[in-house]
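Biologist: I am new to reading structures, and I would like to know what stands behind the words. Could we go through one together?

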Amino acid sequence: MWQPKYIMQDGDLVPFADARIHPLSLSVAYATTIFEGVRAYHNRQTGEHALFRVKEHLARLTGGMKLMRFDRTFEPGFLEDALVRLIRANEPDDDVYVRLLVYIGGIGPMTTTGPVNFTAAAIPREKPKYAETGMSLCVSSWTRLSDNASPPRIKTTANYHNSRLALLQAKADGYDGAIMLTNQGKVSETPIACIFFVKNGKLITPHSSSDILESITRDTVIQLYKETTGENVVEREIDRSEIYLAEEAFICGTGQEIIPVVSIDRLLIGTGDVGPVTSLLRKRYFDVARGNTIDFPSWRTPLL
């Protein structure tokens, strides 16, 4: 597996091991950091890399900077060019996972809004552990953050404390991951990804008011499902008891891609195997992301 040589800080390439943030900066003291995970997929036939849906990721990042009231934003075009330079400098020969963080680098009281800095790392990422076997999930006793408390639609590091608590509990109880519920007891998402279910032959997912991250991969799945089957994904509130009776389930996210769920609270989902809808969407996702098809060309930004 290839290894990163450089990391980027504020547009400058520095040796990977030399990156620094002051330990008293607001990014550390108060978690004033917004981030994105972006994939650059490698096409083995052409040898080329292409960033996947980078414009959508950067649009979400810009919205997060606005809601966090940072005293400046970065132009998406500038950040896109920076990521291309970073990936090229590292000379990867396989898929790349980019972690882009924008944060308050200054020292001061909690209300400090600048200076605003950014760091980007281009690193390898192994295939998710449960990609083929599927995951066993539990319904967490930890409630998902609400929009009025700490909006999950902002991809900020502060929100992942809630996710970490749920994951730690799930692991301690012998599960691979967790499903979190809203304050109203409806299904929200997992700590690290959105979730979909097949019920009565229909693909369903919690709607955007269910305290979920407005996931780029979730949107990708919704569009691919309609394009492939001619049907719409049903976005609605989902009860806890419904999910145990699902025929299939899977989670999705940039880091996780598409991973089957084979059991919830030790109840098998369907037959306990990877279902046909999950298999279909996973194949379609990778064909589009890797450029094995000419479909959805605007989703791929080649590293020219």
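**A sheet and one of its histidines**

Modeller: Gladly! β3 and β4 pair in the antiparallel sense over 3 bridges. Keep in mind that this is a predicted model, in which local features need pLDDT of at least 70, side-chain atom pairs count only at pLDDT 80 or more, and totals for chains, interfaces and linings use all residues. Residues are numbered from 1 along each chain as its sequence is written, and side-chain values use heavy atoms, with hydrogens and water left out.

Biologist: What makes β3 and β4 a pair?

Modeller: Two strands pair if DSSP finds at least two bridges between them. β3 and β4 have 3 bridges, so they pair under that rule. The strands themselves are DSSP runs of E with at least two residues, while helices are runs of H or I with at least four, both numbered from the N terminus. One bridge joins His42 to His49 in β4. β3 and β4 also form a hairpin with 6 residues between them, and Gly47 in the turn has a positive phi of about 80 degrees.

Biologist: Why is His49 called buried?

Modeller: Buried means under 20% relative accessible area, exposed over 50%, and partly exposed in between, with a 1.4 Å probe and protein chains only. His49 has 10%, so it is buried. His49 and Leu51 point one way from β4, Ala50 and Phe52 the other way, and all are buried. In a regular strand the side chains alternate between the two faces of the sheet.

Biologist: Which residues does His49 touch?

Modeller: Contact means heavy atoms within 4.5 Å. Not counting residues up to four places away in sequence, the contacts of His49 include Tyr41, Pro92, Val96 and Thr301.

Biologist: What does the side chain of His49 reach at 2.7 Å?

Modeller: The backbone oxygen of Asp94. A polar contact is a pair of N or O atoms within 3.5 Å; within protein, one must be able to donate a hydrogen and the other to accept it, and residues adjacent in sequence count only if both atoms are side-chain atoms. The 2.7 Å distance from His49 to Asp94 fits within that cut-off.

Biologist: Where does β4 sit in the sheet?

Modeller: The open sheet has 7 strands in the order β2-β1-β6-β5-β3-β4-β16, with antiparallel pairing. β2 (12–15) and β16 (300–302) stand at the edges, each with a single partner strand, so one side of each has no neighbour in the sheet. β4 and β16 are joined by 3 bridges, and Ala50 stands opposite Pro302 in β16.
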